[in-house]
2 protein chains.
Amino acid sequence: MADCVKAASLLKSWDKVLVISHASPDGDTLGSAAALLRGLCSLGKQVKFFCADPVPEKFSYLFEGLALGEFQPEHVMTVDVADKTLLGETPKELVDRIELAIDHHGTHVPFAPERWVDSTAAATVELVFALLEELGAEITPAIADCLYTGLTTDTGCFRYQSVTSRTHRIAAALLERGARGADINRAMFESKTKAQVEAERMTMDTMRFSSGGKCAVIQVPLSIFGATGVKETDLEGLASLPREIEGVVLGVTLKEKENGKVKVSLRANPPGDAAQLCSRFGGGGHKGAAGCTLEMTLEQALQTMEKACGEYLGELGLL
Amino acid sequence: MADCVKAASLLKSWDKVLVISHASPDGDTLGSAAALLRGLCSLGKQVKFFCADPVPEKFSYLFEGLALGEFQPEHVMTVDVADKTLLGETPKELVDRIELAIDHHGTHVPFAPERWVDSTAAATVELVFALLEELGAEITPAIADCLYTGLTTDTGCFRYQSVTSRTHRIAAALLERGARGADINRAMFESKTKAQVEAERMTMDTMRFSSGGKCAVIQVPLSIFGATGVKETDLEGLASLPREIEGVVLGVTLKEKENGKVKVSLRANPPGDAAQLCSRFGGGGHKGAAGCTLEMTLEQALQTMEKACGEYLGELGLL
């Protein structure tokens, strides 16, 4: 196990560093990677980035002006990766060479010889912020934007239980160092295309309640993409909607995938634990938000999740 | 003009204090009042509260366990009141006796002999936090909840341009003093009844774009209340929806009122200024969010606002 000082000392001794983000990248894994890469660059290191999936357009600003190199990496590390399986199609020869993992998931399954895992952090960027300070890297406005992005996206804009006074203090420091907080929040949370609005409306129409209103499920059939023109990444915000309804403990979003699979996004209100329920289907995540994948039709996934939620609510003594 | 020290010195010398919130009270005016009343109480003062409108159920926890007195007030003050007209049906004899106004609105129209107006504060509770520290009042968990409520509701959960590093630092301090941040956020932002979800869906169906997609208007007819069972306060979140659509600069929500009036809520993205446009109709507010009232039918209000938005966008050189 490493800590901030150990991670910093490793990085100080390294050059030609490859930083890897998890597949289906979000604001925290990308913000962490981009901030760290920028910091390492400013310290004269050659840096490289890898993610098994493309960086979504809305996160492209994180990497703007960042000088990524073309070289054989000497050292490989991950940020915000809770489990090797979340690296997706990352080449095995890279996965096998991971030396350091920096992560904030309580569900972290060790895969790197050195790892700094702090589940009291609301986002991995909290750790990267401390790391950059330890490294003596200047928090430039661009780095502040990257760190703020991870902070706000992983906390639903400072909304969740995971937020601590440290989270707010870091946000304060980042705003002072030039982070464009409101602009980032608008881009992350308040920007919908007309197609998205239409898709949201269609999805809300599918909402089904079970377990006496404690479970709410919405479905996103593949047909929605043709009908509205939305892209899959446009629908990320949907998953939070079912849980927002009064009395709902478990909010489930079922997304039909092209390969006969269904991606399940689960959101839980206390005392529900989304990660616990998803782990029964080989998935994982946090208490409030987790996910798993089912190999079945959308209709079967609906039955499966309503049944599993009912059983879980029963175990919690809520039915 | 007063400042924090002056306001504190006045309050130190006062007893039997009446604190007044603005009509149609929100989380900032109520959180400011409740926090201040609790603090004054702890310093041995007798305190009283007045608001022309009832405290919405979802804010009732702010006043729980607070010992309000029954007495003729010796001193009268307001919190978060930008203009005398926003006091609604507050009795004239009270309005005439207001000695101190603490407010954060840039549009503040002076009505009190002593006023502490700081428009760099994202919420009036930022000023109350400083005031309580100046008074030497302990920030108890209950006070922390009140202050956090004002902070988060007035900033859309730390989302808006008005948020500064001070806002985040205060949030950090409040969490450390026991504010139940996530619970408050869930109650304020993530709790919808099924009726609300249905009303939202109906409202989204009314969305009309004009000015080449730069203006979006949604309508809330009176009939929606009968059709869905929602209460008016349930629909507050709606106003932010039109502005969230890509390309929209001015997002307008028109709420039909029983007395032949229409309440206009305007939200603006830069370079739009909601307060500037609403002031043309006798209203006011902030750059990002403002309101006014029109005496006409819903259909006429739609025409009026689409026309006014078009003209304003033209003045800004956006058409």
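Me: What rotation superposes chain A on chain B?
Reply: In this predicted model, a rotation of 180 degrees with 0.1 Å of shift along its axis does it, with an RMSD of 0.1 Å. That is the relation of a two-fold axis.

Me: Which residue of chain A comes closest to the rotation axis?
Reply: His168(A), whose C-alpha is at 2.5 Å.

Me: And how many residues does the contact take from each chain?
Reply: 37 residues from chain A and 37 residues from chain B. The copies meet through the same surface, because 100% of the interface residues of chain A are also interface residues in chain B.

Me: What area do chain A and chain B bury between them?
Reply: About 3,600 Å², with 52% of it on carbon and sulfur atoms.

Me: How many salt bridges are there across the interface?
Reply: Six. Arg169(A) and Glu176(B) meet in a salt bridge through their side chains, at 2.7 Å from N to O.

Me: Which elements give two or more residues to that side of chain A?
Reply: α6 (165-176), α7 (181-189) and α8 (194-204) of chain A. The largest share, eight residues, comes from α6(A). By class, the side of chain A that touches chain B has 16 nonpolar, eight polar and 13 charged residues.

Me: Switching to Arg243(A): buried or exposed?
Reply: Arg243(A) has 8% relative accessibility, so it counts as buried. Arg243(A) sits in the loop between α9 (223-228) and β8 (250-256) of chain A.

Me: What does Arg243(A) touch?
Reply: Its contacts beyond four places in sequence include Tyr160(A), Arg267(A), Ala268(A) and, from chain B, Glu190(B). A polar atom of the Arg243(A) side chain lies 3.0 Å from the backbone oxygen of Ala268(A).

Terms used. Residues numbered from 1 in each chain as written. Chains lettered and ligands numbered in written order. Predicted model: local features only at pLDDT ≥ 70, side-chain atom pairs only at ≥ 80, totals over all residues. Heavy atoms only, no water. Least-squares fit on C-alpha atoms with pLDDT ≥ 70 in both. Contact = heavy atoms within 4.5 Å. Helix = DSSP H or I, 4+ residues; strand = E, 2+ residues; numbered from the N terminus. Buried < 20%, exposed > 50% of the residue type's maximum accessible area, 1.4 Å probe, protein only. Polar contact = N/O pair within 3.5 Å; in protein donor to acceptor, adjacent residues only side chain to side chain. Buried area = accessible area lost by both parts, 1.4 Å probe. Salt bridge = Lys/Arg side-chain N within 4 Å of Asp/Glu carboxyl O. Nonpolar A, V, L, I, M, F, W, Y, C, P; charged D, E, K, R; others polar.
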